[in-house]
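Student: Could you take a close look at one part of this structure and explain how that part sits within the whole? I would like one connected account, with the cut-offs stated where they matter.

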Amino acid sequence: MPLTPTDDIVGPAHEAGRGVGAFNVVQLEHAEAIVAGAERAGQPVILQISENTARYHRALAPLGHASLAIARSSRVPVAVHLDHAESVDLVREAVELGFTSVMFDASRLPYEENLAATREVTRYCHRANVWVEAELGEVGGKDGAHAPGVRTDPGEALAFTGATAVDALAVAVGSSHAMVTRDAAVDFALIARLREVLDVPLVLHGSSGVDDDGLAGAVAAGMTKVNISTHLNKLFTQAARRELAANTALTDTRAYLSAARAAVESEVARLLELLTADGRR
């Protein structure tokens, strides 16, 4: 199956009131597990590689090429997305590699600087038919910056999306990055207001901290793209630890990484079924 444009996955879900799962790839086993889980669920999926992960691997290209290859071999639609890129050069590299979308994160900048930088990135990406996500209103927890109570203002979001022409907007509605407990209090009323005001799909970052009812409620209120990373990393690590504890003489990395990969595959399938259920709105 050829690589699927991100808009061909997110756009129909946005119109239908369903969610789309976007899961972060940290290493090859994640990409394999995410796509296998999507195939099990019979649902499209988005593979995401963050700037932090590219830095960990010392380059974007190796993991990027591998993720693109896995996406192209899938039996379900798969898009490949650059997540939380603060570097314009990395955005350009992702476009050149063939990524179908990018999330350009200039949210640390003052509003006017965020707007200007995002607008330029969007112009560049749109010339290459690449879909662009941006962020407005700090989402807590990123790189240790916790901002409880911060929320995206609907009026500001409307002005920002209009001025930048972005294709989707990540909004601050109560979730927080890198949470290892699923007890974030999501502001469903704000999601509904943002969905009413904006024409572009909404993106929930920090979704690992949101429980099943919260995820379903967020989609019901108007959220479309749901980003999940830490939750899967937690399950991946727990499965690997169980295998290592059960066999202390184990040296073959394939044995415990296979168990970790299987755990992520099962959870991705379950989450996709939750996010894509009909009748949310």
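Tutor: Among the contacts in the protein chain with a separation of 6 or more, 72% are between residues 24 or more positions apart, where contact means heavy atoms within 4.5 Å. This is a predicted model, in which local features need pLDDT of at least 70 and side-chain atom pairs count only at pLDDT 80 or more, while totals for chains, interfaces and linings use all residues. Residues are numbered from 1 along each chain as its sequence is written, and side-chain values use heavy atoms, with hydrogens and water left out.

The protein chain has 11 helices and eight strands, taken as DSSP runs numbered from the N terminus (helices H or I, at least four residues; strands E, at least two). Of its 281 residues, 54% count as buried, that is, under 20% relative accessible area, with exposed meaning over 50% and partly exposed in between (1.4 Å probe, protein chains only). The eight strands close into a barrel with parallel pairing, in the order β1-β2-β3-β4-β5-β6-β7-β8; two strands pair if DSSP finds at least two bridges between them.

The part to look at closely is strand β6, residues 168-171. On one side of β6 lie A168 and A170, on the other L169 and V171, and all of them are buried, so that both faces of the strand are covered. Strand β5 (residues 131-136) runs parallel to β6 and is joined to it by four bridges, with A134 standing opposite L169. Strand β7 (residues 202-204) also pairs with β6 in the parallel sense, over two bridges, and there A170 stands opposite V203.

Moving back along the chain from β5, one reaches V130, which is placed in the loop between α6 (111-127) and β5. V130 counts as buried because its relative accessibility is 5%. Apart from neighbours within four places in sequence, V130 is in contact with V95, F99, T100, S101, V102, C125 and D167. The C-alpha atoms of V130 and T6 are separated by 8.2 Å, although the two residues are 124 apart along the chain.

For comparison with the strands, consider helix α2, residues 28-41, whose 14 residues should span 20 Å at 1.5 Å a residue; the end C-alpha atoms are 20 Å apart, which agrees. The expected span is 1.5 Å times one less than the number of residues. Helix α2 is mostly covered, with 10 of its 14 residues buried, among them E29, H30 and E39 as well as A31, I34 and V35. The buried residues of α2 pack against the strands β1 (20-24), β2 (45-50) and β3 (78-85), and also against the helices α4 (61-72), α10 (230-246) and α11 (253-275). The residue that follows α2 is G42, which has a positive phi, near 70°.

A further residue worth examining is E51, which lies in helix α3 (residues 51-56) and, because its relative accessibility is 12%, counts as buried. A polar atom of the E51 side chain lies 3.1 Å from the backbone nitrogen of S87. Leaving aside neighbours within four places in sequence, the residues in contact with E51 are D83, H84, A85, E86, S87 and L90.

Methods. Polar contact = N/O pair within 3.5 Å; in protein donor to acceptor, adjacent residues only side chain to side chain.
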